[in-house]
Every structure is written in structure tokens, then in C-alpha cells.
Amino acid sequence: MASACDRLRYLKAFDDTKAGVKGLIDAGITTVPAIFRHPPDTLARAHDEDRFAIPVIDLAGVTTAPSRRAELVAEVKAAAETVGFFQVVNHGVPGPVMSEMLAALRSFNEEPAEARRPYYSRDGQSRVRYHSNFDLFRSPAANWRDTLYLDMAPTGPSPGEIPAACRGIAVEFTREVQRLGGTLFELLSEAMGLHRGFLEQHEAGCLEGLSVVGHYYPASPQPHLTMGTSRHTDPSFLTVLLQDIGGLQVLHRQRNDEQPVWVEVPAEAGAFTVNVGDFLQLLSNDRFRSVEHRVLSKSVGPRVSVACFFRPHGAAAAARVCAPILVGDGAASPPRYRSVTVEELIVHYRDKALDGTSMLDHYRI
């Protein structure tokens with residue numbers, strides 16, 4: 001009991017600084033504090049032989065070449081059904097917009113702590129919030145990262161609510177990612193044997209909301225003792241990720257009779273990494289796979305990433321219902337999940353924290 005009380009006191013003292021992990025670095029720490037230390041069995045690194053080539057899909061011609069579109073549908077279907085991850089190039093998002101968004105997030109996190117503190121909040125209803133570890137007081141060990149959340153759609157924050165460092169680029173970046181998301185949901189609809197607008201028009205609200213989540217991973221003095229992000233799946237329909245350096249790993253199984261291994265996902269210049277989220281696995285009735293992934297802590301950095309989660313939020317989440325789609329290619333399959341609102345899914349995800357289990361197990365029939 002004393003140990004648990006001590007841990008809670010340390011967690012609260014850390015949170016009360018409102019300076020995040022970056023504040024620890026600025027204070028000159030040389031060892032990883034105990035609250036960030038993970039059990040050794042969760043820290044196994046990938047080996048060179050465990051590397052695999054995540055599918056890279058070239059979206060050139062997606063709207064102009066019908067024959068190429070059919071190939072793209074097949075490529076997206078194969079990736080979503082097997083790996084659960086793929087990268088896209090020639091996606092139409094301008095390179096300067098991508099680099100400016102990463103630079104803006106880095107700039108915000110490297111401002112003095114006094115400039116970041118006004119945004120520090122654990123109020124999930126706030127459209128702009130900054131903190132370290134959404135599950136800080138529930139997870140077994142804290143992760144070595146700080147996060148800025150911008151809930152940009154359907155109703156985004158006013159310009160004055162967005163930190164000055166990100167204000168000039170956030171809206172433009174959001175607009176470009178929404179357009180890309182529309183293209184991806186069209187391809188995924190067709191991959192399910194449905195008309196291309198099916199998922200966009202579905203009652204679950206696949207394209208209705210977009211949360212732009214900027215993660216900042218400072219270099220760690222002892223990266224072998226902690227994690228950037230613990231193993232998890234995503235509470236979204238689809239996640240579109242922009243990253244500046246590597247560190248992302250996916251739990252991959254080549255064959256069903258093999259043990260899964262952690263494999264590196266490279267940070268490719270000009271590419272977005274796309275992964276199926278839990279909500280889409282539920283909608284697809286397990287045809288598409290939401291796969292566990294994590295981010296390593298490193299001695300070099302910082303690492304900056306922007307994870308764009310397609311999911312409703314706020315009041316809209318309570319009205320949006322997810323249930324298996326039993327038409328198209330899934331018409332002959334019985335439902336594997338019960339119906340559930342997006343709000344219920346999000347609340348359950350937050351309550352269970354990043355505990356290494358799938359939230360979908362709770363809703364499986």
C-alpha cells in the first residue's frame with residue numbers, strides 16, 4: 001500500500017508541474033524516473049530478421065485512371081485484411097504542409113514551460129488540450145512522451161484557442177488530411193464490395209470527426225527502461241500518421257502458426273502511414289484488422305509525430321452507432337460484435353488505458 005501511495009504522490013507531483021516529459025529533460029535529469037519504468041518483458045526490441053516491408057501504395061491515378069483504381073482497391077484490401085497497416089505516397093498533400101505541421105508541433109513543445117502550461121488540461125471535452133499520458137493515473141507505467149490534442153472536425157477550435165506555434169498550419173493540414181481520408185474511405189468501401197461512398201455516408205460517422213494529435217517524444221537518458229507509447233490498437237475508424245523519424249513498431253505474424261514479432265515501420269519521406277482502427281474492424285466484422293503497435297523510446301530525438309484519428313467526438317459520438325456491416329462481401333457472415341455507440345467505445349478505451357488488450361473483446365459476441 002505504501003508503494004502505491006508513493007507512486008500516486010510521484011504521479012501527481014509530475015502532473016502538477018504541467019511541463020510534461022520535456023520539463024524533466026529541461027531540468028537535466030540523467031535517469032528515467034520510476035513512474036516511467038516498464039516491466040522488462042514489455043520492452044523486448046525487434047531484431048533485424050524481424051523486419052518486413054510494410055505495403056507502400058502509390059495513389060497516383062486514383063481519380064483519373066479507372067484501371068489503376070481497381071488495382072488500388074485490391075492493394076488496400078490486401079493490406080487492410082492482413083497487415084492492418086500501409087503507407088501511401090503521391091497522396092496529394094503538399095510536402096511543405098507536412099513539414100510545417102511537424103515543425104509547428106516541435107516548436108510548441110520546445111517553448112518554455114510557462115508558454116505551454118495554459119494549454120495543460122485533462123478535460124476530454126476541451127477541443128485543445130496538452131498533457132503527458134492521457135492514462136497517467138491508470139496505466140501500470142507512464143510513457144515517455146507529451147501530447148497536444150486538437151479536435152479539428154466537425155467543429156474545430158477558434159484560431160485563438162490553438163497554440164500560436166500551430167495556428168497558421170493546423171487548419172490547412174486538417175483540410176488536406178480530410179481530403180486524403182475521403183479517398184481512403186472510398187477505397188476501403190470498394191474493398192468491402194460496396195459503393196465508394198458507403199463508409200462516408202454510414203451512420204457511424206466515419207468521416208465526421210477528425211482529431212489531430214501531436215506527440216513529442218524527447219530523447220531518453222535510459223531508453224531501454226521505458227517506452228514512447230505502450231502496445232495498443234487505435235480508437236478510431238482510420239488513423240493517418242505523419243512522423244519525422246522511426247520508432248514505430250507493429251506486432252506482425254507472417255503465418256497463423258507463428259508467434260507474432262515486433263517489426264519496425266520505417267519513416268519514409270513524403271509518406272503517410274495508415275492503419276485500420278478498432279471501429280473499422282468492428283464495422284467490417286473482422287474483415288479488416290486493427291493491429292497492435294507501439295513506439296520505442298530512443299536515445300536520439302526528439303521524435304515528432306502527428307496521428308490523425310478519424311472518429312466522431314463530443315455530442316456527435318453519442319449519436320453514432322457502430323455495428324457490423326452485413327452487406328456487400330460480408331452479407332453471408334453472422335455478426336461478431338454487438339452494436340455500440342462511438343461514445344461507449346471511446347469511454348471504454350480511456351477507462352481501460354493502454355493495458356495491452358484489445359478493447360473490441362468487450363463487445364465481441
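Where is the place of Pro302? Keep that question in mind; we'll get to it on this tour. One thing before you start clicking: what you have open is a predicted model.

**Stop 1: the whole protein**

Show everything as a cartoon. You should be able to pick out 10 helices and 14 strands. The radius of gyration is 20 Å, close to the 21 Å that the globule rule gives for 365 residues, so the protein is as compact as a globular protein of that length. If you draw a box around the C-alpha atoms along the principal axes, it comes out at roughly 55 × 45 × 40 Å.

Now switch on the surface. About 15,200 Å² is exposed, and carbon and sulfur atoms supply 53% of that area. Of the 365 residues, 55% count as buried.

Colour the chain by residue number and look at who touches whom. Taking contacts between residues at least 6 apart in sequence, 78% join residues at least 24 apart.

Try colouring by charge too. There are 38 positive and 43 negative charges, and their mean positions are 3 Å apart.

**Stop 2: the nonpolar core**

Nonpolar side chains tend to be buried together in soluble globular proteins. Here, select Phe173, Leu199 and Cys322: in the largest nonpolar core, which has 94 residues, these three touch the most other members. Next, select helix α6, residues 164-191, which gives this core its largest share, 11 residues.

Stay with Phe173 and show its surroundings. Which residues is Phe173 in contact with, once you leave aside its neighbours within four places in sequence? The answer is Val97, Met101, Val212, Leu242, Phe272, Val306 and Cys308.

Apart from the largest core lies another one, of 10 residues; Leu11, Phe14, Leu136 and Ala142 are among them.

**Stop 3: Leu210 and its many contacts**

Select Leu210, which sits in strand β5, residues 210-217. Is Leu210 buried or exposed? Its relative accessibility is 0%, so Leu210 counts as buried.

Now show what surrounds Leu210. Ignoring residues within four places in sequence, its contacts include Leu150, Asp151, Met152 and Ala153. Thr174, Val177 and Gln178 are also in contact with Leu210, and so are Cys308, Phe309, Phe310, Arg311 and His313.

Measure from Leu210 to Pro154 in your viewer. These two are 56 residues apart along the chain, yet their C-alpha atoms are separated by 7.1 Å.

**Stop 4: two cis peptide bonds**

Most peptide bonds are trans. Pro154 gives you a cis one to look at: a cis peptide bond joins Ala153 and Pro154, with omega about 10 degrees. Pro154 is in the loop between β4 (146-153) and α6.

Jump to Gly301 and Pro302 for another. The peptide bond from Gly301 to Pro302 is cis, with omega near 10 degrees. And here is what we asked at the start: Pro302 is in the loop between β11 and β12 (303-310).

**Stop 5: two positive phi angles**

Most residues other than glycine have a negative phi. Select Lys18, whose phi is positive, near 55 degrees. You'll find Lys18 in the loop between α1 (2-17) and α2 (20-26). Lys18 is partly exposed, with a relative accessible area of 36%.

Then go to Asn133, where phi is also positive, near 70 degrees. Asn133 is in the loop between β3 (128-131) and β4. Asn133 has a relative accessible area of 0%, so it is buried.

**Stop 6: Gly23**

Select Gly23, in helix α2. Its relative accessible area is 18%; the cut-off for buried is under 20%, so Gly23 is buried. Gly23 and Tyr10 are 13 residues apart along the chain, and 15 Å separates their C-alpha atoms.

**Stop 7: Asn285**

Finish at Asn285, in the loop between α8 (278-283) and β11 (293-296). At 6% relative accessibility, Asn285 counts as buried.

What does Asn285 touch, not counting residues up to four places away in sequence? Show its contacts and you'll see Pro324, Leu326, Ser333, Pro334, Pro335, Arg336 and Tyr337.

Last, draw a distance from Asn285 to Arg364. The two are 79 residues apart along the chain, with C-alpha atoms separated by 9.9 Å.

Conventions: Residues are numbered from 1 along each chain as its sequence is written. This is a predicted model: local features need pLDDT of at least 70, side-chain atom pairs count only at pLDDT 80 or more; totals for chains, interfaces and linings use all residues. Side-chain values use heavy atoms; hydrogens and water are left out. Helices (H or I, at least four residues) and strands (E, at least two) are DSSP runs, numbered from the N terminus. The radius of gyration is taken over C-alpha atoms; the globule rule is 2.2 Å times the number of residues to the power 0.38. Buried means under 20% relative accessible area, exposed over 50%, partly exposed in between (1.4 Å probe, protein chains only). Contact means heavy atoms within 4.5 Å. Accessible areas come from the Shrake-Rupley method with a 1.4 Å probe; for residues, only the protein chains shown count as cover. Lys and Arg count as positive and Asp and Glu as negative; His and the chain ends are not counted. The place of a charge is taken as NZ of Lys, CZ of Arg, CG of Asp or CD of Glu. A nonpolar core is a set of buried Ala, Val, Leu, Ile, Met, Phe, Trp, Tyr and Cys residues joined through side-chain atoms within 4.5 Å.
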